[in-house]
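User: I am new to this structure and would like to understand how each statement about it is justified. Could you take me through the reasoning step by step?

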Amino acid sequence: MRIKNVELRIIKLPLVRPFRTSFGTQYERELLLLKINTNEGSEGWSECVAMSEPLYSPEYTHASQDVMERFLLPKIFEFGDIRAEEVADVMRPFLGHQMSKAAIESAILDAQLKLEGISFGSYLGSTREEVDCGVSVGITPTIEKLVEEVSLYISEGYRRIKLKIEPGWDIEPVGIIREMWPDIPLQVDANQAYTRADSAHLKKLDPFSLLLIEQPLNEHDVLGHAMLAKEIATPICLDESITSLESARDALALKATTIINIKPGRVGGYLESVKIHDLCVESNIPVWCGGMLETGIGRAANIALAALPGFTLPGDTSASSRYYHRDITTPFVMENGRLRVPTEPGIGVAVDLDFIEEITTSRKVIVAP
Ligand code: OSB
Ligand code: MG
């Protein structure tokens, strides 16, 4: 299969409610969409999960477009006839930029699987028809607002609640939610907001029988996480620190993490994600699928991944309505706390081009030489 051209489109979608984390507040989701056309007539879609600013990770929307145009796509074009399984190796000389690389691999995989009539789920090795949904709850202006939001999600049927925390918004809100819902699977995410000096403070979360605490310390402080793991009872789950199979292997060896959150964008793609999943299954480490406020395009592929057997915890794979009033694909609707894995070829969802057109802020077609 040859890539004839790649359409790079930046869109902006308002969020149904602001999403505040320790690294900032999102009011809308700006992201880069890819559409590739192949010489065999198939189209492939993907979204690049980099955010609008380099606050969660070093990548950001406009940088992703730049690195794709300048380095990644020319390499792919130069390679010529290509399969998705070759894409990561072709781009390997360029360091970092996992989210941008993941988006390219994913769009190529979508086009390839559509030609072959295979769904993402069957290709990746999913063993379930539906996946359990969790939901990530941002930091709210007041405890009352937090209780209101959590109540809404619980009434909608979410099977696990994740609370974003930061210094000043941790022990109290988590304690209140735990007291109100003593049995709900509950976890927290700090997005690197604490330091090694905070272990005694984080130990105060121990009584709340949390499933895990996600990324309490700096992404580069893997050893610090291993040290913290010895001090607190809550299991540690790395997010930002896991950017490849190698980093997952090392974090596990160091006992810095006993659960892993896999985000395909963060680790460079769905194929790398399956490798990390397999390593975790071998090592008896539970995994779950993280989220990046995806539209239906990324969500479809994430749900296929989350249906692999090692994904034993509910993911941040929420319904479209958790994020957007209107999605850019057929919306994902939760039933009984679960989403169905698409079964049509490729990502398996229909894209709403008219709506995409309405929310596009820039569009450029890169044609293969
Ligand atoms: O740390 O998991 C995170 C969203 C954007 C960036 C980082 C994170 C998140 C979330 C929301 O927690 C996950 C989702 O529902 O998509
Ligand atoms: Mg996280």
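Analyst: In this predicted model, the domain assignment of the protein chain gives domain 1, made up of 3-117 + 349-367, and domain 2, which covers 122-340. The centres of domain 1 and domain 2, taken over C-alpha atoms, are separated by 23 Å.

User: How do you know that domain 1 and domain 2 are in contact?

Analyst: Contact requires heavy atoms within 4.5 Å, and by that criterion 39 residues of domain 1 are in contact with 47 residues of domain 2.

User: What makes you say where ligand 1 lies with respect to domain 1 and domain 2?

Analyst: The shell around ligand 1 receives residues from both domain 1 and domain 2, and therefore ligand 1 lies between them. Of the 17 residues around ligand 1, those that come nearest are Ser136, Lys164, Asn191, Leu293 and Tyr323. Sorted by class, this shell has seven nonpolar, three polar and seven charged residues.

User: Why is the pair formed by Tyr323 and ligand 1 called a polar contact?

Analyst: A polar contact is a pair of N or O atoms within 3.5 Å, and a polar side-chain atom of Tyr323 lies 2.6 Å from an oxygen atom of ligand 1, so the pair meets the cut-off. The same reasoning applies to Lys162, with a polar side-chain atom 3.0 Å from an oxygen atom of ligand 1, and to Lys263, where the distance is also 3.0 Å.

User: How much of the accessible area of ligand 1 does the protein cover?

Analyst: On its own, ligand 1 has 390 Å² of accessible area, and the protein covers 100% of that. Ligand 1 sits in the largest cavity.

Terms used. Residues numbered from 1 in each chain as written. Chains lettered and ligands numbered in written order. Predicted model: local features only at pLDDT ≥ 70, side-chain atom pairs only at ≥ 80, totals over all residues. Heavy atoms only, no water. Near = heavy atom within 4 Å. Polar contact = N/O pair within 3.5 Å; in protein donor to acceptor, adjacent residues only side chain to side chain. Areas by Shrake-Rupley, 256 points an atom, 1.4 Å probe, with all protein chains shown as cover. 1 Å grid on protein atoms, 1.4 Å probe; cavity = no way out; pocket = protein on both sides within 12 Å on 5 of 7 lines; lining within 4 Å. Sits in = over half its atoms within 2 Å of the grid points. Nonpolar A, V, L, I, M, F, W, Y, C, P; charged D, E, K, R; others polar. Domains from an automatic or database assignment.
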